[in-house]
Amino acid sequence: MMRGEEIGLRARHEEDVPVLHAEFYDDVAARSRTVPRPWQPIPAGSAHSPFAVAELSDKAAPFSVVELDSQELVGSALLWGIDTHNRTALRVPINHPS
C-alpha cells in the first residue's frame, strides 16, 4: 500500500467493484463528461466493468483509494503507460464521490 497522511492506495479487491461501479460508472452524466468513450450499460459484475479486477499487467495498475483511519473505500486511481525502464507512468486523477 502507498500511504499519504490521510489516504492510501491499495490493490483493488473484488468487493470494491460494485461500489466503484455504482459511484463512477452508473452516473451516466458524470461519466460522459470525464471519459471520451461513449457510455454503454455494463453490469457491475461483468468482466467488462472498468473497475473489474483483472490480470496483472505491466502496462497499467488500478488502485482503490482508502481513508487510512477507517479503511473506508473512497475512490479509485490508475497508473497507465507504465515504463519500467525509465520508471515513469501516467496517472488518471483520483475519482471520488462529490
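These are notes on the strand pairing, helix 1 and the surroundings of S49 in a predicted model.

1. Strand 3 (60-67) has pairing partners in strand 2 and in strand 4. With strand 2, which covers residues 7-11, the pairing is antiparallel and runs over five bridges. One position to look up is L9, whose bridge partner in strand 3 is V65.

2. Strand 4 spans residues 73-83, and its pairing with strand 3 is also antiparallel, here over seven bridges. At A60, the residue standing opposite is W80 of strand 4.

3. Strand 3 and strand 4 form a hairpin with five residues between the strands. Within this hairpin, Q71 has a positive phi near 60 degrees.

4. Helix 1 covers residues 17-25, and its buried positions include V17, L20, H21, F24 and Y25. Viewed down the helix axis, the buried residues of helix 1 lie within an arc of 100 degrees, so they line one face of the helix. The general background is that an α-helix has 3.6 residues a turn, so residues three or four places apart point the same way.

5. S49 sits in the loop that connects helix 2 (28-34) to strand 3 (60-67). Is S49 buried or exposed? Its relative accessibility is 5%, and buried means under 20%, so S49 counts as buried.

6. Leaving aside residues up to four places away in sequence, S49 touches V17, H21, I42, P43 and A44. Of these contacts, V17 and H21 belong to helix 1, where both are buried.

Notes
Residues are numbered from 1 along each chain as its sequence is written. This is a predicted model: local features need pLDDT of at least 70, side-chain atom pairs count only at pLDDT 80 or more; totals for chains, interfaces and linings use all residues. Side-chain values use heavy atoms; hydrogens and water are left out. Helices (H or I, at least four residues) and strands (E, at least two) are DSSP runs, numbered from the N terminus. Buried means under 20% relative accessible area, exposed over 50%, partly exposed in between (1.4 Å probe, protein chains only). Contact means heavy atoms within 4.5 Å. Two strands pair if DSSP finds at least two bridges between them. The arc is that of the directions from the helix axis to the C-beta atoms.
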